[in-house]
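Open the model in a viewer and keep the selection panel at hand. The stops below go from one chain to the contact between chains, and then through the other chain.

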Amino acid sequence: MTSPIKWLFLLPAIIYLVALTMFPLAWSLSLAFMDWKLTKASDPQFVGLDNFIRLFTKDARFWSALSFTAFYVTVAAAIELTLGLILAVILASGIKGGRILRVIYIIPLAVPPIGAAFMWRMMLQEDVGIVNAILTFFGIERIRWFTDPWTARIGLIMIDVWQWTPFIFLALLAAIRALPVEPLEAAKVDGASEFKVLQKIIIPLLKPVIVTLVLIRCIDAFKLFDLVYGVTGGGPGLSTESASFYIYLVGRSYFDLGYASAASYIMLIIMMALSITLLWRLRRTW
Amino acid sequence: MYIYWYIWLFFTMSEPKKMNRRAILGTVAGVIGGLAVGAVVGWTAKPAEVGPVARTETVTQTAIRTQTVTAPQTVTRTLTVTGTLPQVGLPDRFDGVEVTVMTQPWNMCPVKHHRTNWEATTRGVVRMIEFPYAELRPKAMDDFLAKAGTYDILIFPGGLMGDYAGGGHLENLDPWIERYGFPALEDLLPATRKVAEWGGNLYAVPYDGDCHMLYYRKDVMLNPEYQRRFREEYGYPMPVPPKTWEEVLDVAKFFNGWDWDKERPGETKYGIAFIAKRGTQAQWTLLDLIAQYNVIPGTPTRYAGHMFFDPVTMTPLLNEPGAVEALKMLLELKNYAPPGLLGYGFAEFRDAYVKGGVAVLGIDWGDVGIMEFMDPASVVKGKLGYAPLPGASKVWDRQRGRWINKYNQNDYGDFGGWVMAISAYSKKKEAAFHLLRYLNDPAQSILDATGTIGCWGSNPYRYSHFDLEKWVAVGFAEDSAREYLAVIQKILSNPLHLIDLKIPGRDEYYDKLDAHLAKAFIGEETPEQAMRAVYDEWEQVTESLGRERQRRLYIESLNIRV
């Protein structure tokens with residue numbers, strides 16, 4: 001494949017990549033160094049690092065949004081991994097009705113996130129929502145889902161867990177099924193309990209898959225937007241405002257494109273650092 | 001979603017490689033280098049320049065026509081409608097010309113209905129593009145920035161006139177109206193017309209005449225037993241409807257936490273409900289109160305008749321004692337509202353108030369009145385009373401720096417209603433103007449306002465929309481319709497009606513206000529802290545947008561005499 005013809009075949013892909021990926025990326029990076037506010041009706045002006053300085057020194061709201069995002073990512077990914085693993089192990093053991101359960105479990109995955117957001121928003125509505133109605137029926141006090149900052153945060157995590165645990169579960173189930181049977185059988189012959197098999201054999205063998213899944217979920221959850229947009233609007237107060245949602249407001253509501261771009265690149269750098277660290281650890285385990 | 005599978009494939013199909021520190025550093029350096037090169041490329045590619053719109057219209061002949069419009073109660077207006085005869089007639093056939101209308105789904109409903117007739121008559125085609133509310137402005141601005149003219153007609157909140165008309169992105173309709181005429185311009189309610197104007201010219205026409213009003217359960221408040229108990233408890237007769245926010249508070253307190261309608265045994269009901277959710281429209285609820293405690297009514301001058309900025313210094317007025325007092329009152333009212341109040345956007349509020357009957361008092365736009373009769377799930381049909389926004393028992397006089405202890409009431413056009421305009425970049429302006437004129441015509445728009453065609457999003461904006469018979473014909477109780485229309489007409493005909501903020505950056509100003517209101521609602525900030533923070537952040541916004549420019553536009557948008 002040393003012929004120049006190969007470049008001809010590659011050309012469409014290269015054009016696509018440059019036009020739709022590299023140029024927008026570069027353009028947005030250049031914006032991060034400019035003052036460009038559309039509501040000002042003026043041309044962009046180069047301001048050097050001003051946007052970054054403002055971000056680091058004056059914008060407490062961005063860092064508050066980022067810390068909520070970090071909390072959300074950590075808790076949601078941990079719960080999803082734990083639940084997904086438990087479900088995968090149970091279903092991999094060949095319980096009766098496993099196939100039907102598997103189909104049921106993956107239904108949330110098929111719901112568009114914004115659809116899930118609006119569905120849960122109605123279900124969790126405090127005064128007329130069905131969840132509180134059921135709780136009241138059983139004599140349990142209504143939960144202030146979206147009027148208390150902490151329950152609102154937990155409510156969002158709960159919806160994320162409902163939607164994305166099936167992904168973890170499905171991937172782990174496939175991975176468990178692909179494990180070599182010899183070590184498992186050998187452990188059973190040696191009298192190892194089910195828990196010991198899980199702890200000492202299955203989980204270590206699944207480690208690369210688990211790290212990959214955690215990485216994927218963390219990157220995705222870090223971009224949290226749909227749920228905030230659809231369910232809480234960032235409230236109560238600013239307690240559930242995620243970094244992506246805040247950047248969206250700055251860029252698409254305030255039209256402060258330069259500043260929004262700078263904030264986006266800070267997020268990108270954080271995500272890249274996270275990804276590289278996790279990948280590095282992952283490669284070491286392979 | 002697909003990204004997962006790609007990533008998954010990447011990890012599962014690629015050969016495991018060792019990744020040492022050098023490789024990682026190399027990758028990072030490569031990415032940064034690539035971005036830097038791209039940044040230079042991006043920097044050299046400057047965006048399209050946005051400039052003002054040039055126009056070359058001419059005006060000649062004028063004609064007079066008259067129209068009689070019957071409004072509810074005692075108001076009968078004989079309108080002298082000054083229109084124009086066309087110098088060059090507007091074509092009435094647009095064979096195959098596609099006019100694109102852009103708005104949110106709720107507001108597209110009348111267009112969907114009326115386009116059939118328009119298409120049949122003109123042979124033109126109406127293409128409809130809908131976006132969620134939050135995306136309307138970004139999509140329009142994207143199109144303006146590119147001067148693409150994707151959308152010929154835009155239907156949008158009047159508060160965006162500053163960004164749209166002030167930015168030179170809308171067609172000035174005055175020359176078109178003068179050249180081709182327009183149906184019953186004098187029939188437009190003054191407040192709705194003011195919203196559609198920019199710098200004294202019509203850059204849009206009204207599409208939905210919005211204003212907040214007070215709703216109350218008259219079946220409950222007129223109950224003699226409750227009235228007797230209220231008088232015993234508060235020492236004065238039950239105010240039906242409440243005229244001040246202090247009376248609203250007493251009524252809300254009285255009816256809070258017990259089952260006053262006994263429709264479903266064991267239910268707990270509440271005193272008041274309103275929109276309070278972060279990121280929806282809660283700031284307008286607060287502004288309803290600020291309008292009473294912080295604004296002296298009158299023709300807009302430095303110290304009266306407007307509510308957002310000092311037109312001389314362009315400093316915000318929202319940390320004045322009147323505004324702080326308004327927030328204190330709103331926080332007090334929250335204590336007598338349903339526990340889920342902070343989750344009430346407009347949809348939740350309307351569900352709870354109209355379909356759930358959760359509170360005696362409610363504050364909302366005219367839509368609740370329509371839903372009362374038109375929504376099959378309404379439990380308040382014929383039970384609601386309507387009133388203008390309550391006033392306050394005192395008002396802050398910022399010129400003299402003291403409270404004036406007298407009744408003060410302002411009508412205020414929260415949100416500013418919806419307007420309809422032609423993009424300056426449209427390539428089919430004649431067809432667009434024809435369609436715009438058709439949609440706004442009293443013959444069509446009365447059907448929208450009354451909900452006759454099943455659309456509930458358009459509230460009255462013409463005098464002719466107050467034709468009582470039309471409302472009764474679609475299912476309104478006569479008394480209710482009369483009262484409902486009288487309130488809206490009172491608010492929107494008031495020449496001293498407060499106009500909502502409509503300068504560039506409105507959404508940013510309002511988001512800051514909404515954010516601190518949300519913090520005050522959950523006790524993270526005191527009213528004083530919240531309004532001080534709003535003041536500081538509004539100052540930053542003004543600075544970033546150019547203080548002098550903002551000042552000029554503020555004066556222009558409200559026609560303030562400084």
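Select chain A and read along its sequence: the elements follow the pattern α-β-β-α-α-α-α-α-α-α-α-α-α-α. That is 12 helices and two strands, where helices (H or I, at least four residues) and strands (E, at least two) are DSSP runs numbered from the N terminus. The C-alpha trace of chain A spans about 75 × 70 × 35 Å along its principal axes.

This is a predicted model, in which local features need pLDDT of at least 70 and side-chain atom pairs count only at pLDDT 80 or more, while totals for chains, interfaces and linings use all residues. Residues are numbered from 1 along each chain as its sequence is written, and chains are lettered from A and ligands numbered from 1 in the order in which they are written.

**A helix pair in chain A**

Next, select α7(A) and α9(A). They pack at an angle of about 150°, with their axes 10 Å apart; axes are lines fitted to C-alpha atoms, for helices over the stretch in contact, and angles run from 0 to 180 degrees between N-to-C directions. That makes α7(A) roughly antiparallel to α9(A), since angles under 35 degrees count as roughly parallel, over 145 as roughly antiparallel, 65 to 115 as roughly perpendicular and the rest as oblique.

Show side chains for the contact. From α7(A) come D160(A), W164(A), I168(A), A171(A), L172(A), A175(A) and I176(A), and they meet I202(A), L206(A), V209(A), L213(A), R217(A) and A221(A) of α9(A). Two residues are in contact if their C-beta atoms, placed from the backbone, lie within 7 Å. By class, the residues of this contact are 11 nonpolar, no polar and two charged. Here Ala, Val, Leu, Ile, Met, Phe, Trp, Tyr, Cys and Pro count as nonpolar, Asp, Glu, Lys and Arg as charged, and the others, Gly among them, as polar.

Before leaving chain A, go to the loop between α10 (226–232) and α11, where P236(A) lies. The peptide bond from G235(A) to P236(A) is cis, with omega near 0°.

**Where the chains meet**

Show both chains. Their contact takes 41 residues from chain A and 50 residues from chain B. On the chain A side, α1 (5–31), α7 (149–177), α9 (194–222), α11 (243–253) and α12 (257–285) each supply at least two residues. Which of these gives the most to the side of chain A that touches chain B? It is α1(A), with seven residues. That side has 22 nonpolar, 10 polar and nine charged residues.

**Domains of chain B**

Colour chain B by domain: domain 1 is 63–208 + 415–493 and domain 2 is 213–411 + 500–558, with bounds from an automatic or database domain assignment. Their centres, taken over C-alpha atoms, are 28 Å apart. In the contact between them, 25 residues of domain 1 of chain B touch 26 residues of domain 2 of chain B. On the domain 1 side, α5 (161–164) and α18 of chain B are the elements that give two or more residues, and α18(B) has the largest share, seven residues.

**Two sheets in chain B**

Select the five strands of the open, mixed sheet β4-β3-β5-β15-β8 of chain B; two strands pair if DSSP finds at least two bridges between them. β4 (125–130) and β8 (205–208) of chain B stand at the edges with a single partner strand each, so one side of each is left without a neighbour in the sheet. The twist averages 25° from one strand to the next. Add helix α15 (residues 429–440) of chain B, which packs on the sheet and has a direction at about 155° to that of β15(B). To check the register at the β8 edge, find D208(B), which stands opposite W418(B) in β15(B).

Move to the other open sheet, β10-β11-β9-β12 of chain B, whose four strands also have mixed pairing. Strands β9 (residues 213–217) and β11 (residues 359–364) of chain B are antiparallel over four bridges, and M213(B) has D364(B) as its bridge partner in β11(B). Helix α18 (residues 478–493) of chain B packs on this sheet, touching β9 and β12 of chain B.

**Backbone details in chain B**

Finish with two loops. P241(B) lies between α9 (224–234) and α10 (245–255) of chain B, and the peptide bond from V240(B) to P241(B) is cis, with omega near -5°. R123(B) is in the loop between α3 (105–122) and β4 of chain B; its phi is near 70°, a positive value in a residue other than glycine.
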